Amino acid sequence: MSPLITGDLAATEADVSPATIRKWVQLGHLTAAGRQGRRSMYRLEDVFAAERSVRGARVTRP
């Protein structure tokens, strides 16, 4: 079982803001793997999968 990290640490690892992590959860790209008190906890591999899913969906224009 992989260790769980906080939303703040997840944001740091994905180089996004904590608000972006919350938005990914709201949009269904990321699901909390557990809770520690009131804090949602995430698996790092799930955070990176959400990042790939969101950034891969963007269309870049020249």
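This report describes the largest pocket, the salt bridges and one unusual backbone angle in a predicted model.

**The largest pocket**

The volume of the largest pocket comes to about 150 Å³. Its lining is made up of T6, G7, D8, P18, I21, R22, R38, R39, S40 and Y42, and the elements that each supply two or more of these residues are helix 1 (7-14), helix 2 (18-27) and strand 3 (39-43). Sorted by character, the lining residues of this pocket fall into three nonpolar, three polar and four charged. Two of the lining residues, D8 and R39, also meet each other in a salt bridge, which leads to the next topic.

**Salt bridges**

How many salt bridges does a search of the whole structure find? The search returns two, and they are set out in the table below.

| Salt bridge | Closest N to O distance | Location |
|---|---|---|
| D8 with R39 | 3.9 Å | D8 in helix 1, R39 in strand 3 |
| R55 with E51 | 2.9 Å | both in helix 3 (residues 44-57) |

The pair formed by D8 and R39 links distant parts of the chain, since D8 belongs to helix 1 and R39 to strand 3, with the two residues standing 31 residues apart. The closest N and O atoms of this pair are 3.9 Å apart, and a salt bridge is counted when a side-chain nitrogen of Lys or Arg lies within 4 Å of a carboxyl oxygen of Asp or Glu, so the pair qualifies under that cut-off. As for solvent contact, D8 is partly exposed at a relative accessible area of 41%, and R39 is likewise classed as partly exposed, with a relative accessibility of 46%.

The pair formed by R55 and E51 is placed within one element, for both residues lie in helix 3 (residues 44-57), where they are four residues apart, or about one turn of the helix. Their side chains meet with an N to O distance of 2.9 Å. Are R55 and E51 buried or exposed? R55 counts as partly exposed because its relative accessibility is 38%, whereas E51 is buried because its relative accessible area is 15%, and buried means under 20%.

**A positive phi angle at D15**

One further local feature concerns the backbone at D15, a residue that has a positive phi of about 60 degrees although it is not a glycine. D15 sits in the loop between helix 1 and helix 2, and with a relative accessibility of 67% it counts as exposed, the term exposed being used for values over 50%.

Note on methods: Residues numbered from 1 in each chain as written. Predicted model: local features only at pLDDT ≥ 70, side-chain atom pairs only at ≥ 80, totals over all residues. Heavy atoms only, no water. 1 Å grid on protein atoms, 1.4 Å probe; cavity = no way out; pocket = protein on both sides within 12 Å on 5 of 7 lines; lining within 4 Å. Points joined across faces, edges and corners; volume = space filled by probe spheres on them. Nonpolar A, V, L, I, M, F, W, Y, C, P; charged D, E, K, R; others polar. Buried < 20%, exposed > 50% of the residue type's maximum accessible area, 1.4 Å probe, protein only.
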